[in-house]
Amino acid sequence: MKKVVIVILSLVVLVGVSSSAYAHPGRLDKNGGHNCSAKSKQKGLCMGYHYHKKKK
């Protein structure tokens, strides 16, 4: 029973400290952005060039 509790707590901690991933189709340019694909535009996900990183 003690092993089950340890495994559950370990999983909770692992999920809690996991980093977020920001998905995007393609690479980013030097400004941290890129143009949307035609498929993304059709789905209404974006309208053109956009950033994934904060501008400095």
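**Exercise 1. Is isoleucine 8 buried, partly exposed or exposed, and what is its relative accessibility?**

Keep in mind that this is a predicted model.

Step 1: Place the residue. Isoleucine 8 sits in helix H1, which covers residues 2-17.

Step 2: Get the number. Its relative accessibility comes to 49%.

Step 3: Hold that against the cut-offs. Buried means under 20% and exposed means over 50%, with partly exposed in between. At 49%, isoleucine 8 therefore counts as partly exposed.

Step 4: Check who else joins in. Ile8 makes up a nonpolar surface patch with Val4 and Val12, and together they have about 270 Å² of accessible area.

**Exercise 2. Find the disulfide and work out which parts of the chain it ties together.**

Step 1: Lay out the elements. There are two helices and two strands, running α-β-α-β along the sequence.

Step 2: Spot the pair. The structure has one disulfide, formed by cysteine 36 and cysteine 46 with their sulfur atoms 1.7 Å apart.

Step 3: Map both ends. Cysteine 36 is in the loop between strand E1 (33-35) and helix H2 (38-43), while cysteine 46 is in the loop between H2 and strand E2 (49-51), so the bond links parts 10 residues apart in sequence.

Step 4: Look at burial. Both cysteine 36 and cysteine 46 are buried.

**Exercise 3. Describe the chain's burial, surface and contacts in percentages.**

Step 1: Burial. Of the 56 residues, 12% count as buried.

Step 2: Surface. About 5500 Å² is exposed, with 62% of it supplied by carbon and sulfur atoms.

Step 3: Contacts. Take those between residues at least 6 apart in sequence: 12% of them join residues at least 24 apart.

Technical notes
Residues numbered from 1 in each chain as written. Predicted model: local features only at pLDDT ≥ 70, side-chain atom pairs only at ≥ 80, totals over all residues. Heavy atoms only, no water. Patch = residues over 30% accessible without salt bridge, like charges linked within 9 Å, V, L, I, M, F, W, Y side chains within 5 Å. Areas by Shrake-Rupley, 256 points an atom, 1.4 Å probe, with all protein chains shown as cover. Salt bridge = Lys/Arg side-chain N within 4 Å of Asp/Glu carboxyl O. Helix = DSSP H or I, 4+ residues; strand = E, 2+ residues; numbered from the N terminus. Buried < 20%, exposed > 50% of the residue type's maximum accessible area, 1.4 Å probe, protein only. Contact = heavy atoms within 4.5 Å. Disulfide = S-S within 2.5 Å.
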